Amino acid sequence: MSFLNSLLLTLIKALHTFFNNYALTIIVFTILIKLVVMPLNLKSRRSMMRMTSVQPKMQALQEKYKDDQEKLNQKLQELYRKEGVSPMGGCLPQIISLVILFAMFYALRTFANEQLVTQFLTFYNHPDMDPRTLAEPFLWIKNLWMPDSPFATYLPDVQSLQLVDYQVWNEISAKLAAAGTIPEALSFADRSAMMTYITDVVTPFIASDAYAPYIAPVAGLGNLNILGIIRFSIYKEGNGWFLLPLLSMGSQVVMQKLTMQNTQMDPSQAGSQKMMIWMMLFMSLYFCASYNSAFALYWVVSNVYAIIEQLCFNRYFKQQDRKSAAAEEVGI
């Protein structure tokens, strides 16, 4: 998985050299990835539709051989061979999509961490500059490397910087020092050394007059509390409007409905599928609301592409079915 993460990150950086805009880079990269796996998705959808078409025959066999599991398995295998279908035919593209999803999450989180450290160290060493010039904006989002939410600051705060691995601090500071952006590189021996730096250097600077106004909460809304469990703030310089997390959920629902509308399954499978849908909805909201907007953008674009792809597949399959029906009528 680490190899795939590094590969995706390298490809994103390479593609960025052509567009010089990370939001556009992520959109184009997402579409390219989807185009590569489209043949597998087409085969998967066709397999799922064929499995649906043979469902009545499968149910008849299950009823006929309900007391003989070995005979039932034999007859089902014969049916699969005769109809040219496989119960696992639709799984491979879904597995590939999940692998790419998690690989993109880790790749974009790694890159976001690099960007946040770059932004902080640059502003720390040049406090007279406008920090807005360091952020990566996208439409309503002020900084693509922070969550799309009014509950998140657009400049990195102490919490987000604490989550960065100490080796990333060392690597990024070395690059900035080599470029002359900062006077010298950091050399943390371990996470403990990094946390000491955050306590002694990062936290005081973020609380200073140079930085604090950019992460200041709205008066009276700086420490909201829900049932004593959930605590959050609404910031004057909030990073977004929470649109990408909501779009991720909405597009996830539409995509799942389109995928399953032509698929029949027994009650036990339907229950598992509903559980999977709810799990994916929770995941989309959690990850897109809690982590960088770049990953949320990838998730939304990926879902929107999948919706368009599924609509095109459905139309294509209907045309193919009409052609097959017409051919049968004339005896072809």
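Are phenylalanine 123 and phenylalanine 205 buried or exposed? Both phenylalanine 123 and phenylalanine 205 are buried, where buried means under 20% relative accessible area, exposed over 50% and partly exposed in between (1.4 Å probe, protein chains only).

The model is predicted, so local features need pLDDT of at least 70 and side-chain atom pairs count only at pLDDT 80 or more, while totals for chains, interfaces and linings use all residues. Residues are numbered from 1 along each chain as its sequence is written, and side-chain values use heavy atoms, with hydrogens and water left out.

**Aromatic pairs and the core**

Phenylalanine 123 and phenylalanine 205 form an edge-to-face aromatic pair, at 5.7 Å centre to centre and with 70° between the planes; rings of Phe, Tyr and Trp (its six-membered ring) pair if their centres lie within 6.5 Å, with planes under 30 degrees apart counted as stacked, over 60 as edge-to-face and the rest as tilted. This pair links distant parts of the chain, with phenylalanine 123 in helix α5 and phenylalanine 205 in helix α8, 82 residues apart; helices (H or I, at least four residues) and strands (E, at least two) are DSSP runs, numbered from the N terminus. Phenylalanine 188 and tyrosine 197 form a tilted pair, at 5.3 Å and 55°, and both of these residues are buried.

The largest nonpolar core has 64 residues, and those with the most contacts inside it are Phe120, Leu121 and Trp169; such a core is a set of buried Ala, Val, Leu, Ile, Met, Phe, Trp, Tyr and Cys residues joined through side-chain atoms within 4.5 Å. The largest share of this core, 14 residues, comes from α5.

**Salt bridges**

By the rule that a side-chain nitrogen of Lys or Arg lies within 4 Å of a carboxyl oxygen of Asp or Glu, the count comes to four salt bridges, including those in the table.

| Pair | Closest N to O distance |
|---|---|
| Lysine 13 and glutamate 114 | 3.5 Å |
| Arginine 132 and glutamate 237 | 3.1 Å |
| Lysine 142 and glutamate 237 | 2.9 Å |

Lysine 142 lies in the loop between α5 and α6 and glutamate 237 in the loop between β2 and α9, so this pair ties together parts that are 95 residues apart in sequence. Salt bridges that share partners join Asp130, Arg132, Lys142 and Glu237 into one network. Within that network, glutamate 237 counts as buried at 16% relative accessibility, whereas arginine 132, at 44%, counts as partly exposed.
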